[in-house]
Number of protein chains: 2
Amino acid sequence: MSAGRLIGILGGMGPLACADLMRKIILETPAARDQDHVPMVVWNVPQVPDRQQALASSGPSPLPAMREGIAQLNHAGATRIAIACNTAHHWHAQLQADSAAPIFHIARLTLAALQRDGIDEAVGLIGTHGTIAARLYQDLLEPAGIPCLVSDAQETDRLFVPGCYAIKRGQLKEGGMLLERAAHALMARGAKRLVLACTEVPVGLEHIGSAVLPLCIDPTLELARACIAHWNDQGPM
Amino acid sequence: MSAGRLIGILGGMGPLACADLMRKIILETPAARDQDHVPMVVWNVPQVPDRQQALASSGPSPLPAMREGIAQLNHAGATRIAIACNTAHHWHAQLQADSAAPIFHIARLTLAALQRDGIDEAVGLIGTHGTIAARLYQDLLEPAGIPCLVSDAQETDRLFVPGCYAIKRGQLKEGGMLLERAAHALMARGAKRLVLACTEVPVGLEHIGSAVLPLCIDPTLELARACIAHWNDQGPM
């Protein structure tokens, strides 16, 4: 525990995923009382242009709104920043260039977790078209010897996208069940483990208590652990 | 939806109660997509001296730390502030005096909810010794014709306090079961409804899916609704 350390969270993408990250930070922290918990300042402002549409060149860039959030977190004194959205990491380098506080990278933390756990089986990536097309995870995992499987176009359109947007509407059961079907489709094609590469996915699967959860690596949880490690003064500088 | 409106949340007391308020705001908001959700900035910094000890004159005042949080939220542009802790409302007037943004009052919102729902039966208050001794709820509810019952010293010491602190340690099942016993004790003495007058209480009772929940008025939920109403441009000025 170090005086002055403060986690900044850029949320809003979506807002429930932000609350999920906070909850995971809190429940993963060994704490006997309030004062032992990780201090955090959170910019959970969802009025950010749709990341999917921007990556498909059919909508405005979310970068200015995300930059404002990063600036707010730095101004409030954040010493590390976590972004509670995988797709937003497409703009990680640009956001980091503007931020005095180092910004965690959710996919790099997930690779470290896979290596820590000795996982080298084929993993299925459950994420947005933007995350998959940008190869946010594949370009890290495949060179490390971890084969990646991704949803096909039909699974993305019929299972992932409606599942993800159901979570954003607060329809957690409907969303969880669709996302579980996306998980099963990847497993049917050979995925032995699943990386929940969109922060809405663990929210949905946990809501329905999905039987696939023991096979999942949850990047939100790895982000939470990195936040706790920073607060415990053991995080990477 | 109004440009420029922004909810500020003073959390950390405890941090899980703050995440619970955020989740309730999000799930209560009719939203088709991320951008329809309530924008919020959150100061969830739990390094605030213990409110109970301060009220018992056995520890330092939490007021300076809470003032810093309120200043941070104002600086970030909050147009209304919610405090995710009942006991902290003991200092509501002092915090409001320093805050340009109006600060919601959790007990006044709860009274309004009781009146909205036509409740005039005896309510049991499940709250901290500080909240009960300061008569935060009784002085509002009793003049409005709503009789209040409170835990006795033994129930407070053996059920409420260990239940509340179990939640703060992240032991939600243990905490929920103790708090449910506190609820049953109040009902055995004549309480027909229960006011969850400490923000850890709904976290615990919801975790165990307590059978008393349909009888409960949840001040955290009323606070969430006030935040949504402000964002919808219908909140009190």
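**Exercise 1. Backbone at Ser57(A) and Arg135(A)**

Determine where Ser57(A) lies in this predicted model, and state the sign of its phi angle.

Solution.
- Step 1. Ser57(A) belongs to the loop that runs between α2 (51-55) and α3 (63-75) of chain A.
- Step 2. Its phi is near 60°, a positive value in a residue other than glycine. Most residues other than glycine have a negative phi.
- Step 3. With a relative accessible area of 69%, Ser57(A) is exposed.
- Step 4. Arg135(A) also has a positive phi, near 55°. This residue sits in the loop between α6 (129-133) and α7 (138-141) of chain A. Its relative accessible area is 33%, so Arg135(A) is classed as partly exposed.

**Exercise 2. Peptide bonds before Gly14**

Identify the residues joined by a cis peptide bond in chain A and in chain B, and place the glycine of each pair.

Solution.
- Step 1. In chain A, the cis bond joins Met13(A) and Gly14(A), with omega about -10°.
- Step 2. Gly14(A) is in the loop between β1 (7-10) and α1 (15-28) of chain A.
- Step 3. In chain B, Met13(B) and Gly14(B) are joined by a cis bond, with omega about -5°.
- Step 4. Gly14(B) is located in the loop between β1 (7-10) and α1 (15-28) of chain B.
- Step 5. For context, most peptide bonds are trans.

**Exercise 3. Geometry of helix α9 of chain A**

Check the end-to-end span of helix α9 (residues 172-188) of chain A against the expected value, and list its buried residues.

Solution.
- Step 1. The helix has 17 residues, and at 1.5 Å a residue it should span 24 Å. The expected span is 1.5 Å times one less than the number of residues.
- Step 2. The end C-alpha atoms are 24 Å apart, which agrees with the expectation.
- Step 3. The buried residues of α9(A) are Leu172(A), Gly175(A), Gly176(A), Leu178(A), Leu179(A), Ala182(A), Ala183(A), Ala185(A) and Leu186(A).
- Step 4. Just after the helix, Gly190(A) adopts a positive phi of about 120°.

**Exercise 4. The two domains of chain A**

Describe the interface between domain 1 and domain 2 of chain A by contacts and by buried area.

Solution.
- Step 1. The domain assignment gives domain 1 as 7-105 + 221-231 and domain 2 as 107-218.
- Step 2. Taken over C-alpha atoms, the domain centres are separated by 20 Å.
- Step 3. Contacts involve 24 residues of domain 1 and 26 residues of domain 2.
- Step 4. The domains bury about 1800 Å² between them, 50% of it on carbon and sulfur atoms.
- Step 5. Asn86(A), His105(A) and Glu222(A) supply 39% of the area that domain 1 buries against domain 2, more than any other three residues.

**Exercise 5. Surroundings of His92(B)**

Establish whether His92(B) is buried or exposed, and find its contacts.

Solution.
- Step 1. His92(B) is part of helix α4 (residues 92-98) of chain B.
- Step 2. Its relative accessible area is 7%, so His92(B) is buried.
- Step 3. Beyond its neighbours within four places in sequence, His92(B) contacts Ile103(B), Phe104(B), His105(B) and Arg108(B).
- Step 4. A polar atom of the His92(B) side chain lies 3.3 Å from the backbone oxygen of Phe104(B).

**Exercise 6. Cysteines**

State how many disulfides the structure holds, and examine Cys164(B).

Solution.
- Step 1. Over all chains there are zero disulfides.
- Step 2. For Cys164(B), the nearest cysteine sulfur is that of Cys198(B), 3.9 Å away. A disulfide requires sulfur atoms within 2.5 Å, and Cys164(B) is in none.
- Step 3. Cys164(B) is buried, at a relative accessible area of 3%.

Definitions and conventions. Residues numbered from 1 in each chain as written. Chains lettered and ligands numbered in written order. Predicted model: local features only at pLDDT ≥ 70, side-chain atom pairs only at ≥ 80, totals over all residues. Heavy atoms only, no water. Buried < 20%, exposed > 50% of the residue type's maximum accessible area, 1.4 Å probe, protein only. Helix = DSSP H or I, 4+ residues; strand = E, 2+ residues; numbered from the N terminus. Polar contact = N/O pair within 3.5 Å; in protein donor to acceptor, adjacent residues only side chain to side chain. Contact = heavy atoms within 4.5 Å. Domains from an automatic or database assignment. Buried area = accessible area lost by both parts, 1.4 Å probe.
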